Amino acid sequence: MAPVTEGMAKFGDYQTWYRITGELTSDKAPLVVLHGGPGCVHDYLLSIAAVVDTGRPVIHYDQVGNGRSTHLRNKPPEFWTVRLFLDELESLVDTLGIAGRYHVLGQSWGGMLAAEHATLRPAGLRGLVICDSPASMELWVAAAGRLRAELPPGVDDVLRAHEEAGTTDSEDYQRAMRFFYDRHVCRVVPWPPEVERTFAAIDDDPTVYLAMNGPSEFHVIGSLRDWSIVDRLGSVAVPALIVSGEFDEAAPDTVRPYQERIPEARWEILPGCSHMPQVEDPGRFMPLVTGFLDSLDAAGE
């Protein structure tokens, strides 16, 4: 069994909780895993710790605002910015002493954050894995509209009625929302415990999610609604693996700019999966990730 270490890293006036699986003294560059949301927790991505079986240490953390990190329920919406989470990631990498050599894997919002990080060209970043992430929220919302139109008759009508009335916290909205989630977020039904825990964490403290995203995956009215990295992807200077699912809410149109604009990028769409291939088909997902990272080692990245 690989050793597991948990701790708190100081981030300004706050604390970032982290978990290391394996030894940072390994010859292989560690993999830092960035969860989605914004405002999720690491739980639904914890299976990626199995990368340690190849000898590579894996670092999970809860971004500030939820999970085991500092909660800030009273902060105004304008406090929650992409720059805040970039600073937190950089602070954690420095605190753990891995700034000289590391890889990053981000899922959903985590992939957006990972791409933002890569455009800054940090000296120690060796590889980038972007999973189920849009390159633009305009593209994401357009894709969500198409997917909503394919829901069972009447479901989208219920969603739109509550969105227009501002009653998205109602039980009717939540039930209708689940039709979309079971098709395009996680197709393992019932949801695995780690997925349930993740959504329960957002329900317990939705501060970040509401401020940056909105009340649901497909009703984006938060500060990220105009976000795009499309025109900056040419700045990414490391090899990238892009992963998405056949039924992913991150539909092909939302993901394609990563493959087209990152100079060295490979894109894999996993059949039968939606937004959580690490849960839905780990037998395909994990070898993709480990193979990509090991290929960078072999190439001297």
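## A four-residue salt-bridge network

Lys28, Arg56, Asp294 and Asp297 are tied to one another in a network of salt bridges. Keep in mind as you look at the structure above that it is a predicted model. Across the whole of it, the count of salt bridges comes to 22.

## Three salt bridges to look at

Start with Asp62 and Arg68, which form a salt bridge with their closest N and O atoms 3.3 Å apart. How exposed is each partner? Asp62 counts as buried, because its relative accessibility is 0% and the cut-off for buried is under 20%. Arg68 comes out at 40% relative accessible area, so this residue is partly exposed.

Next up is the pair of Arg73 and Asp204, whose side chains meet in a salt bridge at 3.3 Å, N to O. This one links distant parts of the chain: Arg73 sits in the loop between strand S4 (58-62) and helix H1 (82-95), while Asp204 belongs to helix H6, and the two are 131 residues apart. Arg73 has a relative accessible area of 46%, so it is partly exposed.

The third bridge runs between Arg146 and Asp253, with 3.4 Å between the closest N and O atoms. Which parts of the chain does this pair tie together? Arg146 is in helix H3 (residues 137-149) and Asp253 is in helix H8 (residues 252-261), so the bridge joins parts that lie 107 residues apart in sequence. Arg146 is partly exposed at 41% relative accessibility, and Asp253 is partly exposed too, with a relative accessible area of 39%.

## Strand S6 and its neighbours

Now for the strands. Is S6 enclosed or open? Six of the seven residues of strand S6 (residues 125-131) are buried, so the strand is largely enclosed by the rest of the structure. On one pairing, strand S5 (residues 102-107) runs parallel to S6, and six bridges join the two. If you want a spot to find this pairing on screen, look for Gln107, which stands opposite Cys131 in S6. To get from S5 to S6, the chain passes through helix H2 (residues 109-119), and this β-α-β crossover is right-handed.

S6 also pairs with strand S7 (residues 240-245), again in the parallel sense, over four bridges. Here the place to look is Ile130, whose bridge partner in S7 is Ile242.

## The largest pocket

The largest pocket has a volume of about 460 Å³. Which residues lie nearest its centre? They are Gln174, Met177, Phe199, Asp203 and Pro215, out of a lining of 18 residues. By class, that lining breaks down into 10 nonpolar, three polar and five charged residues.

Three helices each supply at least two of the lining residues: H5 (171-184), H6 (193-204) and H7 (207-212). H6 makes the largest contribution to the pocket lining, with five residues. H6 is also the helix that holds Asp204, the partner of Arg73 in the long-range pair described above.

## Two cavities

Besides the pocket, there are two cavities of 30 Å³ or more. The largest cavity has a volume of about 110 Å³ and a lining of 14 residues, with Gly37, Cys40, Glu217, His275 and Met276 nearest its centre. H6 turns up here as well, giving the most to the lining of this cavity, with three residues. The lining of the largest cavity consists of seven nonpolar residues, six polar ones and one charged one.

The second largest cavity has a volume of about 80 Å³. Gly37 and Glu217 are part of its lining, and so are Ser108, Trp109, Met112, Met137 and Trp140, among others. H2 and H3 each supply at least two residues of this lining. H2 is the helix on the crossover from S5 to S6, and H3 is the helix that carries Arg146. In terms of residue class, the lining of the second largest cavity has seven nonpolar, three polar and one charged.

Key:
Residues are numbered from 1 along each chain as its sequence is written. This is a predicted model: local features need pLDDT of at least 70, side-chain atom pairs count only at pLDDT 80 or more; totals for chains, interfaces and linings use all residues. Side-chain values use heavy atoms; hydrogens and water are left out. On a 1 Å grid over the protein atoms alone, a cavity is a set of points where a 1.4 Å probe fits but cannot get out, and a pocket is an open set with protein on both sides within 12 Å along at least five of seven lines; lining residues have an atom within 4 Å of a point. Grid points are joined across faces, edges and corners, and a volume is the space filled by probe spheres set on the points. Ala, Val, Leu, Ile, Met, Phe, Trp, Tyr, Cys and Pro count as nonpolar, Asp, Glu, Lys and Arg as charged, and the others, Gly among them, as polar. Buried means under 20% relative accessible area, exposed over 50%, partly exposed in between (1.4 Å probe, protein chains only). Two strands pair if DSSP finds at least two bridges between them. A crossover is right-handed if, with the strands pointing away from the viewer, the path from the first strand over the helix to the second runs clockwise.
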